[in-house]
Amino acid sequence: MPSMFFYGTLCDLRLCEIVLGRSRDHMQFSEAVLHDHAVYWARGENFPVIVREQGSLAKGLLLTGLDQTDIDKLDYYESGFDYAPVPVTVETEAGPKDVSVYYCDDPDVVSGDKWSLSDWSEKWGAWHQDRDWGNDSSP
């Protein structure tokens with residue numbers, strides 16, 4: 001079953017529940033890092049972008065056990081930001097894992113400011129949680 005590495009808004013577990021349409025109690029999360037990557041705010045936007053950056057570590061969450069319905073829901077959510085999944089290898093406590101991460105190939109979207117989930121949650125979390133992300137079911 002596919003696995004995804006989240007580094008930004010989907011690290012907000014409530015938002016992840018909304019996007020996938022089920023409780024986090026039915027999801028398998030673990031902490032993970034992606035070497036030689038960093039996470040920045042997207043220029044002029046309220047979401048992050050991940051970029052290759054030698055020597056940096058992008059911290060996030062690994063979600064395993066996804067099915068095609070989950071992938072379709074995640075694709076729907078991430079396509080609004082012009083992101084597409086790409087294969088990467090993340091490090092977990094259990095060792096390296098081959099997964100996918102949503103990536104934007106437009107270098108012009110990257111600001112110079114490092115992403116902060118807590119800053120995003122404070123300013124934008126409720127707004128994102130109130131949106132219809134194409135999912136009629138509730139967690």
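A residue counts as buried when its relative accessible area is under 20%, as exposed when that area is over 50%, and as partly exposed in between. The exercises below apply this and a few other cut-offs to the structure above, which is a predicted model.

**Exercise 1. Classifying single residues**

Decide for Asp36, His26, Ser111 and Lys114 which of the words buried, partly exposed or exposed applies.

Solution. Begin with Asp36, which is found in strand E2, residues 28–42. Its relative accessible area is 30%, so Asp36 is partly exposed. The backbone of Asp36 also deserves a look, since its phi is near 60°, a positive value in a residue other than glycine.

Next take His26, which is found in the loop between H1 and E2. With a relative accessible area of 60%, His26 is exposed. Although His26 and Gly65 are 39 residues apart in sequence, their C-alpha atoms are 9.9 Å apart in space.

Then turn to strand E6, residues 110–114, in which Lys114 lies and in which Ser111 also has its place. Ser111 has 13% relative accessibility and therefore counts as buried, while Lys114, at a relative accessible area of 47%, is partly exposed. The side chain of Ser111 has a polar atom 3.1 Å from the backbone nitrogen of Asp113. Lys114, for its part, is 75 residues from Val39 in sequence, yet the two are 6.0 Å apart in space, C-alpha to C-alpha.

**Exercise 2. The order of helices and strands**

State how many helices and strands the protein chain holds, and in which pattern they follow along the sequence.

Solution. Counting gives three helices and six strands in the protein chain. Reading along the sequence then gives the pattern β-α-β-β-α-β-β-β-α. As for burial over the whole chain, 48% of its 139 residues count as buried.

**Exercise 3. Helix H1 and its two ends**

Describe how many residues of helix H1 are buried, and what is found at its start and just after it.

Solution. Helix H1 covers residues 13–20 and is mostly covered, since six of its eight residues are buried. The buried residues in H1 are Leu15, Cys16, Glu17, Ile18, Val19 and Leu20. At the start of the helix, a side-chain oxygen of Asp12 comes to within 3.0 Å of the backbone nitrogen of Arg14. After the helix comes Gly21, whose phi is positive, near 75°.

**Exercise 4. A group of tryptophan rings**

Work out which kind of ring pair Trp115 and Trp120 form, and which residues join them in a cluster.

Solution. A search of the whole structure finds three aromatic pairs. In one of them, the rings of Trp115 and Trp120 have centres 6.2 Å apart, and their planes stand at 40°, so the pair is tilted. The reasoning rests on the cut-offs that rings pair if their centres lie within 6.5 Å, and that planes under 30 degrees apart count as stacked, over 60 as edge-to-face and the rest as tilted. Ring pairs link Trp41, Trp115 and Trp120 into a cluster.

Now consider Trp120 by itself, whose place is in helix H3. Its relative accessibility is 0%, so Trp120 counts as buried, and Trp115 is buried too. A polar atom of the side chain of Trp120 lies 3.0 Å from the backbone oxygen of Asn46. Trp120 and Pro48 are 72 residues apart in sequence and 9.1 Å apart in space, C-alpha to C-alpha.

**Exercise 5. The cavity**

Find the volume of the largest cavity, and say which residues and elements line it.

Solution. The structure holds one cavity of 30 Å³ or more, and about 110 Å³ of space lies in the largest cavity. Of the 13 residues that line this cavity, Tyr7, Gly8, Thr9, Pro48 and Glu78 are the closest to its centre. Strand E1 (4–6) and helix H2 (68–79) each supply at least two residues of the lining. Sorted by class, the lining has ten nonpolar, two polar and one charged residues.

**Exercise 6. Confidence in the model**

Say where in the protein chain confidence is lowest and where it is highest.

Solution. The mean pLDDT of the protein chain is 88, and 89% of its residues reach 70 or more. Confidence is lowest in helix H3, residues 117–129, at a mean of 74, and highest in E1, at 97. Where pLDDT is low, the predicted coordinates should not be read in detail.

How values were computed:
Residues numbered from 1 in each chain as written. Predicted model: local features only at pLDDT ≥ 70, side-chain atom pairs only at ≥ 80, totals over all residues. Heavy atoms only, no water. Phe/Tyr/Trp six-rings, centres within 6.5 Å; stacked < 30°, edge-to-face > 60°. Buried < 20%, exposed > 50% of the residue type's maximum accessible area, 1.4 Å probe, protein only. Helix = DSSP H or I, 4+ residues; strand = E, 2+ residues; numbered from the N terminus. Polar contact = N/O pair within 3.5 Å; in protein donor to acceptor, adjacent residues only side chain to side chain. 1 Å grid on protein atoms, 1.4 Å probe; cavity = no way out; pocket = protein on both sides within 12 Å on 5 of 7 lines; lining within 4 Å. Points joined across faces, edges and corners; volume = space filled by probe spheres on them. Nonpolar A, V, L, I, M, F, W, Y, C, P; charged D, E, K, R; others polar. pLDDT = per-residue confidence, 0-100.
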